[in-house]
Amino acid sequence: FFRFIAKPCAIKLGIQDSGPHRAQPNAILEKVFTSITKSPDGKRLEGLSKQLDWDVRKIQRWFRQRRNQDKPTTLTKFCESMWRFTFYLIIFFYGIRFLWTAPWFWDTRQCWYNYPFQPLTSRLYYYYISELAFYWSLMFSQFTDIKRKDFLIMFVHHLATIGLITFSYMNNMVRVGTLVLCLHDVSDFLLEAAKLANYAKYQRLCDAFFMLFGVVFIVTRLGIYPFWILNTTLFESWELIGPYPSWWLFNGLLVTLQVLHIIWSYLIVRTAYKALMRGKVSKDDRSDVESSSEEEDATSNSTKGVLSTSSNGSNRSNGHVASGQWTEE
């Protein structure tokens, strides 16, 4: 996908395979960077300054540039986001097409009628297995991608998601599971679309996609999810089939997801507020590329959007993250 689809698209959009400025070769600093620390404290900086007869600020700039050398290029991040965008878009339309004719999509009480003796169709099976395989890939790639400030949150999220998919499949709770999966996919491809527009330097389109993503995310995760999904798993299931042994674990995982939804919704609202105050979406707090000087920081803040420097690797892509501040379920 990267070689034959994503990369040709990126090149056609003018995205070059070039990373940040490389730090000038220096054996002493390189040894400190690779064997001691990538972010020296003030005392070590002063010692290096005396040893090399360099200004402390120059040494700090060298370490920033050296750290940035290991970060993925814009082309790499574009390809990763395009892969996630493609998957999320296809799996969402597959899920919504499948659920449109499913009775439990219109009446959630159908999720529990005749449980656990409900048939597992081939379409439902492939839907589940595809989602599970994708989230396992996000889980593994998170450890090889750039570590971000929300690493722990994303790790918990992936664990909860994989746990829910596996647990619901083993216990044949696949009907309500399909509702959860489809609901989460609806906003994910919008975030990846915003990242793609940002990498291609279509800032207005990027901001528009991000704002649309924010609205859809909040409506689905803080509105539909608790009042539609949690309502049927917490109350309708209790009423129709009683407190089955796995009820507590299943709903515990679903509530964990809701807590993460609240955290991410707060971050999205904060970013949207900054956008309204400044006239554009602000620079991503999780940026994985550091400016080489204070002047560059100021320039970056005034010219780039929220997704300008990050990549959810997860979507390790995630990664994940992943270049926005919010990464996909």
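Two rings of Phe, Tyr or Trp, the six-membered ring being taken for Trp, form a pair if their centres lie within 6.5 Å. In this predicted model, such ring pairs link Phe1, Trp83, Phe87, Tyr88, Phe134 and Tyr135 into a cluster.

**Aromatic pairs**

A search of the whole structure finds 27 aromatic pairs. One of them joins Phe87 to Phe134, with ring centres 3.9 Å apart and planes at 15°, so the pair is stacked. The two partners come from distant parts of the chain, Phe87 lying in helix α5 and Phe134 in helix α7, with their positions 47 residues apart in sequence. Phe87 is buried at a relative accessible area of 13%, and Phe134 is buried as well, at 4%. The rings of Trp100 and Phe105 offer another geometry, because their centres are 6.1 Å apart and their planes stand at 45°, so this pair is tilted. Here the partners fall into separate classes of accessibility, since Trp100 is exposed with a relative accessible area of 53%, whereas Phe105 is buried with a value of 16%.

An aromatic ring also takes part in a contact with a charge: the charged end of Lys58 sits over the ring of Trp54, at 4.3 Å from the ring centre.

**Salt bridges**

Side chains of opposite charge can pair when their charged atoms come close. A search of the whole structure finds four salt bridges, among them those in the table.

| Salt bridge | Closest N and O atoms |
|---|---|
| Arg84 and Glu192 | 3.1 Å |
| Arg109 and Glu239 | 3.3 Å |
| Glu192 and Lys195 | 3.2 Å |

What do the salt bridges of Arg84, Glu192 and Lys195 form when they are taken together? Arg84, Glu192 and Lys195 are linked in a network of salt bridges. In this network, Arg84 forms a salt bridge with Glu192. Arg84 belongs to helix α5 (residues 74-100) and Glu192 to helix α9 (residues 174-199), so the pair ties together parts that are 108 residues apart in sequence. Glu192 and Lys195, by contrast, both lie in helix α9, where they are three residues apart, or about one turn of the helix. Arg84 and Glu192 are both buried, and Lys195 is buried too.

The bridge between Arg109 and Glu239 also links distant parts of the chain, with Arg109 in the loop between α6 (103-106) and α7 (122-141), Glu239 in helix α10 (residues 203-241), and a separation of 130 residues. Arg109 has a relative accessible area of 23% and is therefore partly exposed, while Glu239, at 54% relative accessibility, counts as exposed.

**A nonpolar surface patch**

Leu120, Tyr125, Tyr126, Ile129, Tyr169 and Met170 make a nonpolar surface patch of about 600 Å². The elements that give two or more residues to this patch are α7 and α8 (151-170), and α7 supplies the largest share, with three residues. Met170, one of the patch residues, is found in helix α8. With a relative accessible area of 67%, Met170 is exposed, because exposed means over 50%.

**Helices that recur**

Helix α5 holds both Arg84, through which the helix is tied to α9, and Phe87, through which a ring pair connects it with α7. Helix α7 in turn carries Phe134 of the stacked pair and contributes three residues to the nonpolar patch.

How values were computed: Residues are numbered from 1 along each chain as its sequence is written. This is a predicted model: local features need pLDDT of at least 70, side-chain atom pairs count only at pLDDT 80 or more; totals for chains, interfaces and linings use all residues. Side-chain values use heavy atoms; hydrogens and water are left out. A salt bridge is a side-chain nitrogen of Lys or Arg within 4 Å of a carboxyl oxygen of Asp or Glu. Helices (H or I, at least four residues) and strands (E, at least two) are DSSP runs, numbered from the N terminus. Buried means under 20% relative accessible area, exposed over 50%, partly exposed in between (1.4 Å probe, protein chains only). Patches are made of residues with over 30% relative accessible area and no salt bridge: like charges are joined within 9 Å, nonpolar side chains (Val, Leu, Ile, Met, Phe, Trp, Tyr) within 5 Å. Accessible areas come from the Shrake-Rupley method with a 1.4 Å probe; for residues, only the protein chains shown count as cover. Rings of Phe, Tyr and Trp (its six-membered ring) pair if their centres lie within 6.5 Å; planes under 30 degrees apart count as stacked, over 60 as edge-to-face and the rest as tilted. A charge sits over a ring if NZ of Lys or CZ of Arg is within 6 Å of the ring centre and within 35 degrees of the ring normal.
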